[in-house]
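This report introduces a single protein chain to a reader who has not met it before. It moves from the overall make-up to the sheet, a pair of helices and some particular backbone sites.

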Amino acid sequence: MSLLRSLVLTSLALVSSVSSQSLPSSFPHVYPGQPSGDFSPAWQKYFEVTDSLPNVTFPLARSFAGNIPVDRKGHPNDTLFFWAFEKQNGSLTADQSTEPWGIWLNGGPGSSSMAGLLFENGPIRIGPDYGATANEFSWNTIADYIWIDQPVGTGFSTADIDGYIADEDQMGEDFMSFLANLVKVFPSLATRPLHISGESYAGVYIPYILKTYFGMSNPPVKIAKIAIGDGSIGSGQEFELLPAVTVIETYPQIIGYDTEVYKYFKSQSHLCGYDVNLTYPQDGIIPSIALNLPTQRDVPFALQSRLKFAKFQTFQSLALARVMERSDNGEDLSSLWDTSNDESMKKREVGKREWKQKKAALAVSATNEKRDLSAPGVLDPWYGCLLLDEFIDYAINFTFPWNISLTTGDFGFDVYDVQDALSPEAPMDASVWMNDNRTRSALHAPTSKDWEITFEFPFGDLETDPSPEPMVFLTDLATNATTNNISIVLYSGNDDTLIAHRGTEVVIQNTTFGGIQGFTRKPSTPWQDDSGALAGIVHQERGWTYVLVKGAGHLVPAKVPARALVFVREFLFGDNTTGLVTSSASVIGGEDPELAGDYLPGADEIFYGPGTTVSSFVFPEATRAAWSEFIQAEATGAVGTGDRVSDNAAVSMSSRLGLGPLSAAMGCVSTLSFLLAWLR
């Protein structure tokens with residue numbers, strides 16, 4: 001298991017010290033009418049959701065919900081909670097059917113899949129006001145779909161105090177045992193083609209589920225395809241840190257289109273070994289990448305990651321909670337930041353210049369000779385190879401509109417969607433709705449616990465997931481998938497910063513499937529949504545499909561639900577051959593040289609403002625044109641072109657903000673140190 005992954009997950013110990021004696025214990029609730037005896041179709045009537053749901057005034061497809069045990073010996077209260085929606089009336093309960101069906105899993109680890117149902121791809125959308133609206137792009141319009149809370153203890157799933165999973169292998173066994181009971185209730189599911197889909201840490205869950213499936217002589221279901229979106233399949237270095245430069249190239253707004261800063265990050269990426277050369281087919285195994293941590297400080301990186309990336313866990317960082325607590329206690333916090341006057345802007349401009357001077361001085365000290373920011377040198381000892389953290393800190397200190405988040409008590413950089421600089425963001429919280437007694441009763445949910453979007457202790461009193469990342473056995477898994485005619489789909493949102501698409505591409509090129517390592521052609525085939533607009537890039541070879549979704553973040557169906565539904569219809573459940581390499585080595589749909597680079601340029605707009613009040617900011621056309629000229633020169637080996645991009649941007653931006661010829665930048669105060677201070 002990678003060092004980074006261990007560090008990230010160690011946050012469980014840093015945030016909360018938990019012993020087995022204090023772990024929660026929960027159990028399913030027995031509602032009136034529960035059948036006796038083993039599971040059978042007689043349970044369909046019991047699980048059917050017939051009571052009204054709060055604020056749901058629109059028609060819903062017939063659904064079924066409740067807890068089903070995983071049958072782990074000695075743990076009768078270990079169950080998984082499911083909510084299943086039919087494609088059409090009677091399709092799930094039919095005695096016989098050959099129609100495909102789907103499962104959705106959120107990640108975490110410990111994230112409830114009901115978050116996916118209620119905020120992403122289910123038929124109900126819960127709004128910031130806890131109101132419910134219909135989602136016309138729900139995935140159950142394509143197939144019968146089941147959202148499952150797992151592993152045990154997650155969401156409305158239950159677990160004995162000592163019944164949590166010990167590792168991912170046990171998770172896979174629990175999941176298969178759950179499915180064995182599920183198909184007793186809905187018998188046609190045993191033979192219908194199953195498509196398992198999920199995102200983020202489901203990039204760990206789904207490969208382990210498939211591994212368990214291949215180890216069974218008589219599995220309870222028939223898996224036909226798996227789909228993983230923005231998945232943490234490889235090491236943390238590969239999916240989180242390695243893509244830093246391609247993220248900046250996708251959204252150069254992060255660094256204010258500053259060419260000097262770009263060159264600096266490019267040189268740091270090289271020093272970290274992140275500039276991996278992908279070839280088609282891949283020329284040899286890509287070696288694992290070591291993690292170089294900061295040397296100038298002892299950073300509890302796990303805690304910082306948890307604070308920064310907690311949007312889909314608590315939707316409010318612990319640091320912000322501390323700020324709010326101290327504010328509620330009457331403490332004057334105004335001295336923490338002040339960007340309301342011209343003097344503070346001057347200080348931020350000075351801070352930006354000092355940042356560059358310090359980076360240049362670091363390079364000079366390494367060789368005792370003057371050099372620019374992009375010159376070979378040494379790693380910044382304050383960040384090491386934590387380049388994701390470094391460019392986030394740069395944005396929130398120096399780049400509009402991310403920097404204005406410091407005036408709100410929020411930190412304003414959404415790693416799930418780089419285009420979203422709302423500060424504070426509109427809440428995404430389903431806890432009130434899910435824990436309403438009307439919802440709980442209608443869904444046959446347990447009364448022994450409240451639903452939470454993230455369960456902190458999916459591995460019980462273990463502080464980390466002890467299992468190796470799936471990359472370790474992915475080639476073996478791919479070989480079994482080919483043998484069993486199981487297709488694999490990996491997809492990425494182009495605006496995802498936390499698990500950017502470059503990491504997924506590294507995973508593909510480092511895996512052997514169909515007897516060849518990686519794809520033989522670089523993905524460059526466009527695909528379109530139903531409006532005819534460019535939806536991204538697709539490539540298919542030897543049972544593997546890769547899809548890059550334009551305009552989507554980490555939570556693909558949350559941001560672009562219509563486009564996500566086209567993806568599901570065409571590439572997950574359909575047989576669309578766009579991007580397929582044929583036996584004659586041609587590519588269906590053609591290859592577009594404009595799409596054959598290492599990144600797909602993002603949108604020009606960055607959205608900002610409080611909550612749902614959205615404004616958009618676009619850098620001036622001259623700034624963007626100069627950046628394009630600079631990037632083209634970089635690609636052709638020319639030098640010097642476009643080095644004044646950042647000056648143009650600073651003047652134009654400041655003029656639009658009415659601040660004079662100053663860039664909207666904040667003095668370089670480390671975000672990591674700031675967060676630590678507020679957690680005292």
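## The sheet and its first pair of strands

The model described here is predicted. At one end of its open sheet, Phe64 stands opposite Ala84 in β2. This pair of residues belongs to a longer match: β1 and strand β2, residues 79-85, pair in the antiparallel sense over seven bridges.

The open sheet is built from 10 strands, and their order is β1-β2-β6-β3-β7-β8-β10-β15-β14-β13. The pairing within the sheet is mixed. As a general point, strands of a sheet pair through backbone hydrogen bonds, in either a parallel or an antiparallel manner. Which strands stand at the edges? They are β1 (63-69) and β13 (525-528); each has a single partner strand, so one side of each is left without a neighbour in the sheet. From one strand to the next, the twist averages 25°.

## A helix packed on the sheet

Helix α19, which covers residues 561-572, packs on this sheet. The strands that α19 touches are β6 (144-149), β7 (193-199), β8 (222-229), β10 (487-493), β13, β14 (534-541) and β15 (544-549). The direction of α19 makes about 115° with that of β13.

## The chain as a whole

The chain contains 22 helices and 17 strands. It has 680 residues, of which 59% count as buried. Among the contacts in the chain with a separation of 6 or more, 76% are accounted for by residues 24 or more positions apart.

## Two crossing helices

Two packed helices are described by the angle between their axes and by the distance between the axes. For helix α5 (residues 168-185) and helix α6 (residues 202-214), the axes come within 8 Å and cross at roughly 65°. Angles of 65 to 115 degrees count as roughly perpendicular, and α5 and α6 are therefore roughly perpendicular to each other. The crossing in which α5 passes α6 is right-handed.

Which residues make up this contact? From α5 come Glu168, Asp169, Met171, Gly172, Glu173, Phe175 and Met176. They meet Val204, Tyr205, Tyr208, Ile209, Lys211, Thr212 and Tyr213 in α6. The residues of the contact of α5 with α6 divide into eight nonpolar, two polar and four charged.

## Cis peptide bonds

The peptide bond from Gln150 to Pro151 is cis, and its omega is near 5°. Pro151 is placed in the loop between β6 and α5. That loop thus links two elements already introduced: β6 is one of the strands touched by α19, and α5 is one of the two crossing helices.

A cis peptide bond also runs from Phe400 to Pro401, with omega near 5°. Pro401 lies in the loop between α13 (387-398) and β9 (420-425).

## Positive phi outside glycine

Asn55 is not a glycine, yet its phi is positive, at about 65°. Its place is in the loop between α3 (43-47) and β1, the latter being an edge strand of the sheet. Is Asn55 buried or partly exposed? With a relative accessibility of 44%, Asn55 counts as partly exposed.

Arg542 is likewise a residue other than glycine with a positive phi, here near 50°. Arg542 is found in the loop between β14 and β15, two strands that α19 touches. The relative accessible area of Arg542 is 24%, and this residue is partly exposed; the buried class is reserved for values under 20%.

Key: Residues are numbered from 1 along each chain as its sequence is written. This is a predicted model: local features need pLDDT of at least 70, side-chain atom pairs count only at pLDDT 80 or more; totals for chains, interfaces and linings use all residues. Side-chain values use heavy atoms; hydrogens and water are left out. Two strands pair if DSSP finds at least two bridges between them. Helices (H or I, at least four residues) and strands (E, at least two) are DSSP runs, numbered from the N terminus. Axes are lines fitted to C-alpha atoms, for helices over the stretch in contact, and angles run from 0 to 180 degrees between N-to-C directions. Contact means heavy atoms within 4.5 Å. Angles under 35 degrees count as roughly parallel, over 145 as roughly antiparallel, 65 to 115 as roughly perpendicular and the rest as oblique. A crossing is left-handed if the near helix is turned anticlockwise from the far one by less than a right angle, and right-handed if clockwise. Ala, Val, Leu, Ile, Met, Phe, Trp, Tyr, Cys and Pro count as nonpolar, Asp, Glu, Lys and Arg as charged, and the others, Gly among them, as polar. Buried means under 20% relative accessible area, exposed over 50%, partly exposed in between (1.4 Å probe, protein chains only).
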